[in-house]
Amino acid sequence: MRLWQIPSFGIDSLELVERPAPQPSRGQVLVRICAVSLNYRDLMMVLGKYNPRLALPRIPCSDGAGEVVALGDGVKRVKIGQRVAGIFMQNWIEGPPDAAKQRGALGGDIDGMLTEYVALDENGLVEIPEHLSWEEAATLPCAGVTAWNAVVHAGRAKSGDTVVIQGTGGVSIFALQFAKLLGARVLGTSSSDEKLSRAQKIGLDSGVNYKHTADWGKWVLEQTNGVGADLIVEVGGAGTFAQSLKAVRVGGTVAQIGVLSQSTEPLQIGPLLHKQVHLQGIYVGSRADFEEMNKAIAMHSLQPPVDQVFAFDRVQDALKTMEAGSHFGKLVIGMEL
Ligand SMILES: NC(=O)c1ccc[n+]([C@@H]2O[C@H](COP(=O)([O-])OP(=O)(O)OC[C@H]3O[C@@H](n4cnc5c(N)ncnc54)[C@H](OP(=O)(O)O)[C@@H]3O)[C@@H](O)[C@H]2O)c1
(Lines give C-alpha, C1' and ligand atoms only; values in the text may rest on other atoms or scores of the structure.)
Protein backbone atom coordinates (compact mmCIF):
# COMPACT_ATOMS: atom_id res chain seq x y z
CA MET A 1 0.00 0.00 0.00
CA ARG A 2 0.99 3.66 -0.41
CA LEU A 3 1.12 6.13 2.46
CA TRP A 4 2.44 9.60 3.19
CA GLN A 5 4.74 10.09 6.16
CA ILE A 6 6.51 12.99 7.88
CA PRO A 7 10.22 12.05 8.05
CA SER A 8 11.22 15.61 9.05
CA PHE A 9 9.16 18.80 9.29
CA GLY A 10 8.06 20.80 6.23
CA ILE A 11 5.53 20.25 3.43
CA ASP A 12 8.26 19.51 0.88
CA SER A 13 9.81 16.93 3.23
CA LEU A 14 6.69 14.72 3.16
CA GLU A 15 7.40 11.29 1.64
CA LEU A 16 5.10 9.01 -0.35
CA VAL A 17 6.25 5.47 0.50
CA GLU A 18 5.21 1.83 -0.04
CA ARG A 19 4.65 -0.52 2.88
CA PRO A 20 2.79 -3.84 3.29
CA ALA A 21 -0.85 -3.31 4.37
CA PRO A 22 -1.33 -3.98 8.11
CA GLN A 23 -3.11 -7.12 9.28
CA PRO A 24 -5.87 -6.45 11.85
CA SER A 25 -4.96 -7.98 15.19
CA ARG A 26 -7.50 -9.12 17.81
CA GLY A 27 -10.24 -6.48 18.22
CA GLN A 28 -9.03 -4.50 15.21
CA VAL A 29 -10.62 -3.68 11.87
CA LEU A 30 -8.86 -3.11 8.52
CA VAL A 31 -10.25 -0.08 6.67
CA ARG A 32 -9.57 0.73 3.01
CA ILE A 33 -9.39 4.52 3.08
CA CYS A 34 -11.42 6.25 0.34
CA ALA A 35 -10.99 9.93 1.32
CA VAL A 36 -9.03 12.00 3.84
CA SER A 37 -9.77 15.58 4.83
CA LEU A 38 -7.23 18.18 5.93
CA ASN A 39 -7.46 20.19 9.12
CA TYR A 40 -5.35 23.18 10.10
CA ARG A 41 -3.89 20.88 12.79
CA ASP A 42 -2.55 18.55 10.09
CA LEU A 43 -0.76 21.49 8.45
CA MET A 44 0.73 22.53 11.82
CA MET A 45 1.73 18.92 12.49
CA VAL A 46 3.56 18.68 9.13
CA LEU A 47 5.27 22.04 9.73
CA GLY A 48 6.40 20.99 13.23
CA LYS A 49 4.39 23.80 14.83
CA TYR A 50 1.83 21.59 16.61
CA ASN A 51 4.29 19.34 18.42
CA PRO A 52 7.97 20.02 17.72
CA ARG A 53 8.76 16.78 19.58
CA LEU A 54 6.44 14.64 17.45
CA ALA A 55 7.84 11.10 17.10
CA LEU A 56 8.95 10.73 13.46
CA PRO A 57 8.29 9.28 10.99
CA ARG A 58 4.56 9.78 11.49
CA ILE A 59 1.61 9.26 9.10
CA PRO A 60 -0.32 12.57 9.28
CA CYS A 61 -4.05 13.43 9.22
CA SER A 62 -6.76 12.61 11.73
CA ASP A 63 -9.72 12.45 9.36
CA GLY A 64 -10.49 9.67 6.94
CA ALA A 65 -13.46 7.65 5.73
CA GLY A 66 -13.45 4.24 4.12
CA GLU A 67 -14.79 0.71 3.84
CA VAL A 68 -14.23 -2.14 6.30
CA VAL A 69 -12.38 -4.89 4.38
CA ALA A 70 -11.16 -7.31 7.09
CA LEU A 71 -11.85 -8.09 10.75
CA GLY A 72 -9.49 -9.30 13.47
CA ASP A 73 -10.55 -12.03 15.89
CA GLY A 74 -13.29 -11.12 18.33
CA VAL A 75 -14.65 -8.08 16.44
CA LYS A 76 -18.38 -7.67 17.05
CA ARG A 77 -19.16 -3.97 16.62
CA VAL A 78 -18.29 -3.62 12.93
CA LYS A 79 -19.08 -5.62 9.76
CA ILE A 80 -17.26 -6.18 6.46
CA GLY A 81 -18.43 -3.62 3.88
CA GLN A 82 -19.54 -1.05 6.47
CA ARG A 83 -18.78 2.61 5.63
CA VAL A 84 -16.89 4.13 8.54
CA ALA A 85 -14.77 7.05 9.74
CA GLY A 86 -12.14 7.01 12.48
CA ILE A 87 -12.78 8.97 15.67
CA PHE A 88 -10.23 11.72 16.36
CA MET A 89 -9.18 10.50 19.84
CA GLN A 90 -9.23 6.74 19.62
CA ASN A 91 -9.77 6.32 23.39
CA TRP A 92 -12.54 8.90 23.98
CA ILE A 93 -15.69 6.87 23.58
CA GLU A 94 -18.15 8.81 25.72
CA GLY A 95 -18.62 10.96 28.80
CA PRO A 96 -16.50 13.88 29.96
CA PRO A 97 -12.83 14.02 28.92
CA ASP A 98 -9.91 12.91 31.06
CA ALA A 99 -6.19 12.61 30.39
CA ALA A 100 -6.36 8.94 29.37
CA LYS A 101 -9.26 9.51 26.94
CA GLN A 102 -7.35 12.38 25.34
CA ARG A 103 -4.39 10.14 24.45
CA GLY A 104 -4.42 8.35 21.11
CA ALA A 105 -5.22 11.19 18.67
CA LEU A 106 -4.86 10.05 15.06
CA GLY A 107 -2.10 11.73 13.07
CA GLY A 108 -0.44 12.94 16.29
CA ASP A 109 -0.06 10.54 19.20
CA ILE A 110 -0.44 7.65 16.77
CA ASP A 111 -0.23 7.24 12.98
CA GLY A 112 -3.06 8.86 11.05
CA MET A 113 -5.22 8.33 7.99
CA LEU A 114 -3.12 9.48 5.03
CA THR A 115 -2.66 5.90 3.89
CA GLU A 116 -4.47 3.42 1.65
CA TYR A 117 -5.22 1.01 4.54
CA VAL A 118 -5.38 1.47 8.31
CA ALA A 119 -5.95 -1.02 11.14
CA LEU A 120 -7.92 0.53 14.03
CA ASP A 121 -9.61 -0.78 17.16
CA GLU A 122 -13.25 -1.61 16.42
CA ASN A 123 -14.24 0.93 19.08
CA GLY A 124 -12.40 3.73 17.30
CA LEU A 125 -14.84 3.92 14.38
CA VAL A 126 -18.30 5.31 13.63
CA GLU A 127 -20.66 4.44 10.80
CA ILE A 128 -21.06 7.37 8.40
CA PRO A 129 -24.42 8.78 7.22
CA GLU A 130 -25.66 6.99 4.08
CA HIS A 131 -26.26 10.10 1.98
CA LEU A 132 -22.67 11.33 2.22
CA SER A 133 -19.97 10.73 -0.40
CA TRP A 134 -16.59 9.49 0.85
CA GLU A 135 -15.21 13.01 0.44
CA GLU A 136 -18.03 14.53 2.50
CA ALA A 137 -17.78 11.87 5.20
CA ALA A 138 -14.04 12.45 5.55
CA THR A 139 -14.70 16.03 6.73
CA LEU A 140 -16.56 14.96 9.87
CA PRO A 141 -14.18 13.61 12.56
CA CYS A 142 -12.31 16.77 13.62
CA ALA A 143 -13.92 19.91 12.13
CA GLY A 144 -17.47 18.54 12.27
CA VAL A 145 -17.36 17.17 15.82
CA THR A 146 -15.56 20.28 17.11
CA ALA A 147 -18.18 22.60 15.61
CA TRP A 148 -20.96 20.34 16.92
CA ASN A 149 -19.60 20.55 20.46
CA ALA A 150 -19.12 24.31 20.25
CA VAL A 151 -22.62 25.04 18.96
CA VAL A 152 -24.69 22.29 20.58
CA HIS A 153 -22.96 21.48 23.87
CA ALA A 154 -20.90 24.57 24.84
CA GLY A 155 -23.20 27.14 23.24
CA ARG A 156 -26.54 25.33 23.59
CA ALA A 157 -27.63 27.40 20.59
CA LYS A 158 -31.37 27.63 20.05
CA SER A 159 -33.86 29.36 17.83
CA GLY A 160 -33.47 33.13 18.00
CA ASP A 161 -29.90 33.08 19.38
CA THR A 162 -27.09 34.95 17.65
CA VAL A 163 -23.96 32.93 16.88
CA VAL A 164 -20.72 34.44 15.52
CA ILE A 165 -18.32 32.46 13.32
CA GLN A 166 -14.80 33.61 12.45
CA GLY A 167 -13.46 33.07 8.94
CA THR A 168 -14.76 30.49 6.48
CA GLY A 169 -12.58 27.45 7.20
CA GLY A 170 -13.69 23.94 8.04
CA VAL A 171 -14.80 24.39 11.66
CA SER A 172 -16.51 27.72 11.00
CA ILE A 173 -18.61 26.54 8.05
CA PHE A 174 -19.74 23.47 10.00
CA ALA A 175 -20.65 25.79 12.90
CA LEU A 176 -22.67 27.93 10.47
CA GLN A 177 -24.54 24.87 9.23
CA PHE A 178 -25.27 23.50 12.72
CA ALA A 179 -26.34 26.90 14.10
CA LYS A 180 -28.76 27.33 11.19
CA LEU A 181 -30.19 23.82 11.77
CA LEU A 182 -31.00 24.97 15.31
CA GLY A 183 -32.69 28.16 14.10
CA ALA A 184 -30.04 30.64 15.22
CA ARG A 185 -29.04 33.84 13.46
CA VAL A 186 -25.40 33.61 12.31
CA LEU A 187 -23.02 36.55 11.90
CA GLY A 188 -19.59 35.96 10.39
CA THR A 189 -16.21 37.49 9.65
CA SER A 190 -13.87 36.79 6.76
CA SER A 191 -10.81 38.23 5.02
CA SER A 192 -12.73 37.97 1.75
CA ASP A 193 -15.98 39.59 0.55
CA GLU A 194 -16.35 36.83 -2.02
CA LYS A 195 -16.21 34.17 0.73
CA LEU A 196 -18.78 36.12 2.77
CA SER A 197 -21.16 36.05 -0.23
CA ARG A 198 -20.55 32.33 -0.56
CA ALA A 199 -21.33 31.86 3.16
CA GLN A 200 -24.52 33.91 2.75
CA LYS A 201 -25.68 31.42 0.09
CA ILE A 202 -25.58 28.66 2.73
CA GLY A 203 -27.27 30.64 5.49
CA LEU A 204 -24.95 33.32 6.89
CA ASP A 205 -27.27 36.18 7.87
CA SER A 206 -24.71 38.96 7.77
CA GLY A 207 -20.94 39.25 7.40
CA VAL A 208 -18.07 41.67 7.81
CA ASN A 209 -14.57 41.72 6.33
CA TYR A 210 -12.13 41.69 9.28
CA LYS A 211 -9.34 43.06 7.08
CA HIS A 212 -11.37 46.26 6.54
CA THR A 213 -13.19 46.27 9.88
CA ALA A 214 -10.67 45.30 12.54
CA ASP A 215 -13.14 46.32 15.27
CA TRP A 216 -15.66 43.66 14.26
CA GLY A 217 -16.73 43.23 17.91
CA LYS A 218 -18.32 46.69 17.62
CA TRP A 219 -20.04 45.57 14.40
CA VAL A 220 -21.53 42.56 16.25
CA LEU A 221 -22.81 44.92 18.97
CA GLU A 222 -24.41 47.13 16.29
CA GLN A 223 -26.03 44.07 14.69
CA THR A 224 -27.53 43.02 18.03
CA ASN A 225 -28.87 46.39 19.28
CA GLY A 226 -25.92 46.71 21.65
CA VAL A 227 -26.63 43.37 23.37
CA GLY A 228 -23.91 41.16 21.87
CA ALA A 229 -23.95 37.59 20.60
CA ASP A 230 -25.01 34.54 22.59
CA LEU A 231 -22.12 32.42 21.29
CA ILE A 232 -18.75 33.13 19.69
CA VAL A 233 -17.20 30.16 17.90
CA GLU A 234 -13.61 31.29 18.55
CA VAL A 235 -11.10 29.92 16.03
CA GLY A 236 -8.85 32.98 15.75
CA GLY A 237 -7.16 32.54 19.13
CA ALA A 238 -4.99 35.21 20.76
CA GLY A 239 -5.43 37.68 17.89
CA THR A 240 -9.25 37.62 17.96
CA PHE A 241 -9.99 36.93 21.64
CA ALA A 242 -10.32 40.60 22.67
CA GLN A 243 -12.83 41.21 19.86
CA SER A 244 -14.70 38.05 20.86
CA LEU A 245 -15.04 39.38 24.42
CA LYS A 246 -16.35 42.65 22.98
CA ALA A 247 -18.83 40.83 20.74
CA VAL A 248 -20.28 38.40 23.30
CA ARG A 249 -23.32 39.37 25.37
CA VAL A 250 -23.38 39.51 29.18
CA GLY A 251 -23.73 35.88 30.28
CA GLY A 252 -22.88 34.60 26.76
CA THR A 253 -20.41 31.89 25.74
CA VAL A 254 -17.05 31.89 24.02
CA ALA A 255 -16.22 28.41 22.70
CA GLN A 256 -12.41 28.56 22.45
CA ILE A 257 -11.23 26.32 19.64
CA GLY A 258 -8.46 27.73 17.49
CA VAL A 259 -5.02 29.30 17.39
CA LEU A 260 -5.00 30.96 13.97
CA SER A 261 -3.61 34.34 15.02
CA GLN A 262 -1.28 35.95 17.55
CA SER A 263 -1.42 39.13 19.63
CA THR A 264 1.10 41.36 21.37
CA GLU A 265 -1.67 42.84 23.55
CA PRO A 266 -2.04 41.52 27.13
CA LEU A 267 -4.97 39.20 27.81
CA GLN A 268 -8.00 41.20 28.98
CA ILE A 269 -9.51 39.65 32.08
CA GLY A 270 -11.90 42.57 32.85
CA PRO A 271 -14.56 41.92 30.17
CA LEU A 272 -14.45 38.20 30.91
CA LEU A 273 -15.61 38.71 34.48
CA HIS A 274 -17.72 41.86 34.09
CA LYS A 275 -19.72 40.19 31.35
CA GLN A 276 -19.78 36.89 33.28
CA VAL A 277 -18.74 35.09 30.11
CA HIS A 278 -18.80 31.30 29.93
CA LEU A 279 -15.42 30.41 28.43
CA GLN A 280 -15.32 26.80 27.26
CA GLY A 281 -12.24 25.20 25.73
CA ILE A 282 -13.12 22.63 23.08
CA TYR A 283 -10.93 19.71 22.04
CA VAL A 284 -12.91 17.90 19.33
CA GLY A 285 -15.15 15.43 21.18
CA SER A 286 -16.01 11.81 21.90
CA ARG A 287 -17.36 9.00 19.75
CA ALA A 288 -20.76 9.60 21.35
CA ASP A 289 -20.63 13.26 20.21
CA PHE A 290 -19.71 12.08 16.69
CA GLU A 291 -22.64 9.63 16.61
CA GLU A 292 -25.05 12.26 17.90
CA MET A 293 -23.86 14.70 15.19
CA ASN A 294 -24.22 12.03 12.49
CA LYS A 295 -27.86 11.49 13.47
CA ALA A 296 -28.56 15.20 12.95
CA ILE A 297 -26.61 15.26 9.66
CA ALA A 298 -28.59 12.26 8.39
CA MET A 299 -31.95 13.60 9.58
CA HIS A 300 -31.41 16.95 7.82
CA SER A 301 -29.53 15.51 4.79
CA LEU A 302 -26.83 18.07 5.54
CA GLN A 303 -24.03 18.34 2.96
CA PRO A 304 -20.62 19.08 4.52
CA PRO A 305 -18.70 21.92 2.90
CA VAL A 306 -16.17 20.31 0.49
CA ASP A 307 -14.30 23.00 -1.44
CA GLN A 308 -11.65 21.11 -3.43
CA VAL A 309 -10.66 17.47 -3.81
CA PHE A 310 -7.01 16.60 -4.57
CA ALA A 311 -5.60 13.28 -5.79
CA PHE A 312 -3.56 11.23 -3.28
CA ASP A 313 -0.27 12.11 -4.98
CA ARG A 314 -1.10 15.86 -4.68
CA VAL A 315 -1.16 16.01 -0.86
CA GLN A 316 1.60 18.64 -0.83
CA ASP A 317 -0.43 20.92 -3.14
CA ALA A 318 -3.45 20.48 -0.86
CA LEU A 319 -1.42 21.46 2.22
CA LYS A 320 -0.02 24.51 0.40
CA THR A 321 -3.57 25.53 -0.53
CA MET A 322 -4.53 25.30 3.14
CA GLU A 323 -1.45 27.31 4.12
CA ALA A 324 -2.47 30.05 1.64
CA GLY A 325 -5.93 30.17 3.30
CA SER A 326 -7.73 30.46 -0.05
CA HIS A 327 -10.17 27.63 0.70
CA PHE A 328 -13.80 27.79 1.84
CA GLY A 329 -14.81 24.94 4.14
CA LYS A 330 -12.87 21.73 3.63
CA LEU A 331 -9.98 20.49 1.50
CA VAL A 332 -10.12 16.76 0.81
CA ILE A 333 -7.82 14.07 -0.60
CA GLY A 334 -9.72 11.58 -2.79
CA MET A 335 -7.95 8.21 -2.99
CA GLU A 336 -9.67 7.17 -6.21
CA LEU A 337 -9.01 10.32 -8.27
N1 LIG B 1 -9.66 22.65 19.61
C2 LIG B 1 -10.03 21.77 18.68
O3 LIG B 1 -10.50 20.68 18.97
C4 LIG B 1 -9.87 22.13 17.26
C5 LIG B 1 -10.47 21.36 16.26
C6 LIG B 1 -10.39 21.79 14.93
C7 LIG B 1 -9.69 22.95 14.64
N8 LIG B 1 -9.08 23.64 15.64
C9 LIG B 1 -8.38 24.89 15.36
O10 LIG B 1 -9.33 25.80 14.83
C11 LIG B 1 -8.72 26.64 13.88
C12 LIG B 1 -9.45 26.50 12.56
O13 LIG B 1 -9.23 25.19 12.07
P14 LIG B 1 -9.77 24.76 10.64
O15 LIG B 1 -9.28 23.38 10.40
O16 LIG B 1 -11.20 25.07 10.51
O17 LIG B 1 -8.92 25.77 9.73
P18 LIG B 1 -9.03 26.15 8.22
O19 LIG B 1 -10.04 25.31 7.52
O20 LIG B 1 -7.64 26.20 7.68
O21 LIG B 1 -9.62 27.62 8.28
C22 LIG B 1 -8.83 28.74 8.45
C23 LIG B 1 -9.65 29.97 8.09
O24 LIG B 1 -9.76 30.78 9.24
C25 LIG B 1 -9.83 32.13 8.86
N26 LIG B 1 -8.90 32.94 9.63
C27 LIG B 1 -7.56 32.93 9.63
N28 LIG B 1 -7.08 33.88 10.46
C29 LIG B 1 -8.17 34.50 10.98
C30 LIG B 1 -8.36 35.57 11.87
N31 LIG B 1 -7.32 36.22 12.40
N32 LIG B 1 -9.62 35.94 12.19
C33 LIG B 1 -10.68 35.29 11.67
N34 LIG B 1 -10.56 34.27 10.80
C35 LIG B 1 -9.32 33.88 10.47
C36 LIG B 1 -9.57 32.21 7.38
O37 LIG B 1 -10.85 32.37 6.75
P38 LIG B 1 -11.14 33.59 5.75
O39 LIG B 1 -10.29 33.30 4.55
O40 LIG B 1 -12.60 33.54 5.50
O41 LIG B 1 -10.71 34.83 6.46
C42 LIG B 1 -8.97 30.84 7.07
O43 LIG B 1 -9.26 30.40 5.77
C44 LIG B 1 -7.25 26.22 13.85
O45 LIG B 1 -6.52 27.03 14.74
C46 LIG B 1 -7.29 24.80 14.34
O47 LIG B 1 -6.07 24.40 14.90
C48 LIG B 1 -9.15 23.26 16.93
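**Exercise 1. The ligand shell**

Break down the shell around the ligand by class, then locate the shell.

Step 1. By class, the shell holds 13 nonpolar, 17 polar and two charged residues. Here Ala, Val, Leu, Ile, Met, Phe, Trp, Tyr, Cys and Pro are nonpolar; Asp, Glu, Lys and Arg are charged; the others, Gly among them, are polar. Keep in mind that this is a predicted model: local features need pLDDT of at least 70, side-chain atom pairs count only at pLDDT 80 or more, and totals for chains, interfaces and linings use all residues. Residues are numbered from 1 along each chain as its sequence is written.

Step 2. Find the closest residues. Of the 32 around the ligand, Gly167, Gly169, Ser190, Ser191 and Gly258 come nearest. A residue is near if its C-beta atom, placed from the backbone, lies within 6 Å.

Step 3. Assign elements. Helix 1 (40–47), helix 3 (140–154), helix 4 (170–181), strand 9 (185–190) and helix 7 (238–247) each supply at least two shell residues. Helix 3 gives the most, three. Helices (H or I, at least four residues) and strands (E, at least two) are DSSP runs, numbered from the N terminus.

Step 4. Place the ligand shell. Domain 1 (2–139 + 304–334) and domain 2 (144–281) both contribute residues, so the shell lies between them. The bounds come from an automatic or database domain assignment.

**Exercise 2. The six-stranded sheet**

Trace the strand order of the open sheet and find its edges.

Step 1. The order is 10-9-8-11-12-13, with parallel pairing. Strands pair if DSSP finds at least two bridges between them.

Step 2. Strand 10 (206–209) and strand 13 (278–281) each have a single partner strand, so one side of each lacks a neighbour in the sheet. From one strand to the next, the twist averages 15°.

Step 3. Look inside. Strand 8 (residues 162–166) pairs with strand 9 over five bridges, in the parallel sense. Val164 stands opposite Leu187 of strand 9.

**Exercise 3. Helix 1 against helix 10**

Describe how helix 1 and helix 10 (residues 315–324) cross, and name the residues in contact.

Step 1. Their axes come within 10 Å and cross at roughly 110°. Axes are lines fitted to C-alpha atoms, for helices over the stretch in contact; angles run from 0 to 180 degrees between N-to-C directions.

Step 2. Helix 1 and helix 10 are therefore roughly perpendicular (65 to 115 degrees).

Step 3. Tyr40, Leu43 and Val46 of helix 1 meet Leu319, Met322 and Glu323 of helix 10. Contact requires C-beta atoms, placed from the backbone, within 7 Å. By class, this contact has five nonpolar, no polar and one charged residues.

Conventions: Parallel < 35°, antiparallel > 145°, perpendicular 65-115°, else oblique. Contact = placed C-beta atoms within 7 Å.
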